[in-house]
Every structure is written in C-alpha cells, then in structure tokens.
Amino acid sequence: GRLGFKDGKIETVTCRATYFKGDESRSLKQNIRCASPSGKIEVRSTLSENNGILTGQWTEDIYNLAGELSGEVTPAGLKVAVKGEGLDANMDLIVRGHRQVVEIQFHNTTLIGLTLILSRTDQAGGPS
C-alpha cells in the first residue's frame, strides 16, 4: 500500500488486516497494522450493521486519533465517515473476490491518506 503525508511525502507500506466477528451477530472488528520507512500506523474499528447502516468506533493508535464511525453498506463494500476531536476521515472498503481495496482519507492531520490492496488468506497464512 501507500501512505501519504501532508508535506507531500509518499511512502510504501506493508500491512496486515484482520477481521473478527463482534459480540453481536451483525458486528465486526477490523484491525489494520502497517509499517513504512518512517514508522507505523495502527487502525482499529468496531462496527455494527443494522439495515445497511453502520455505526461504531474507530481509533488510530500511533497518531492518537479516535472518533465515532458512521456509514453504509454499498454494493461494492463499505463507505464510512469518522468524526472525533482532531479527526475527520473517510474510509472506503471495496471487496472483489479474495481482494479488498481500503482507502482512508484523513482531513486536518499530518496524514492525508492510506491506500491498501489486500489479498485474503486463511488462518494458516495461505491463500484461501
């Protein structure tokens, strides 16, 4: 993937995303951990779905950002907005077969964006 900074710098990142069923039947936990030459980014989301509407919490641990998550399920995946003190971001998750495209656009932070293309693997680490 690629990580963009406000000063114009763009870095290649290596990431791992994991998904877990939440405590409720229509909830999901998402963890994305990335490393780049200048550091790390760690995004955690917890979301619930009700009739196509998403709500939940979103945090980025390294830059200490957090906020309320809201959005919707789309035919291609998920479209999410995150709002919090010092945080305004959008996240799109597009699912195509065993691949996902995750795009996060940050507003008013040192980061401006994170774009990932992820391939699904099974729990043993091989392609599923």
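How many aromatic pairs does a search of the whole structure find? The search finds one aromatic pair. The structure discussed here is a predicted model.

## The sheet

The strands form an open sheet of 11 members with antiparallel pairing. Their order across the sheet is β2-β1-β11-β10-β9-β8-β7-β6-β5-β4-β3. Strands β2 and β3 (14-21) stand at the edges; each has a single partner strand, so one side of each is left without a neighbour in the sheet. On average, neighbouring strands of this sheet are turned by 15° against each other, direction ignored.

## Strands β10 and β11

Within this order, strand β10 (residues 99-107) and strand β11 (residues 111-119) run antiparallel and are joined by seven bridges. Across this pairing, V101 stands opposite I117 in β11.

## Residue E11 in an edge strand

E11 is located in strand β2, which spans residues 10-12, and β2 is one of the strands at the edges of the sheet. Is E11 buried or exposed? Its relative accessibility is 8%, and E11 therefore counts as buried, since buried means under 20%.

Leaving aside residues up to four places away in sequence, E11 touches G1, R2, L3, F5, S36, P37 and S38. With one of these residues, S36, the side chain of E11 makes a polar contact of 2.6 Å.

## A charge over a ring

F5, which is among the residues touched by E11, also has a lysine over its ring. K9 lies over the face of F5, at 4.8 Å from the ring centre.

Note on methods:
Residues are numbered from 1 along each chain as its sequence is written. This is a predicted model: local features need pLDDT of at least 70, side-chain atom pairs count only at pLDDT 80 or more; totals for chains, interfaces and linings use all residues. Side-chain values use heavy atoms; hydrogens and water are left out. Helices (H or I, at least four residues) and strands (E, at least two) are DSSP runs, numbered from the N terminus. Buried means under 20% relative accessible area, exposed over 50%, partly exposed in between (1.4 Å probe, protein chains only). A polar contact is a pair of N or O atoms within 3.5 Å; within protein, one must be able to donate a hydrogen and the other to accept it, and residues adjacent in sequence count only if both atoms are side-chain atoms. Contact means heavy atoms within 4.5 Å. Rings of Phe, Tyr and Trp (its six-membered ring) pair if their centres lie within 6.5 Å; planes under 30 degrees apart count as stacked, over 60 as edge-to-face and the rest as tilted. A charge sits over a ring if NZ of Lys or CZ of Arg is within 6 Å of the ring centre and within 35 degrees of the ring normal. Two strands pair if DSSP finds at least two bridges between them. Axes are lines fitted to C-alpha atoms, for helices over the stretch in contact, and angles run from 0 to 180 degrees between N-to-C directions.
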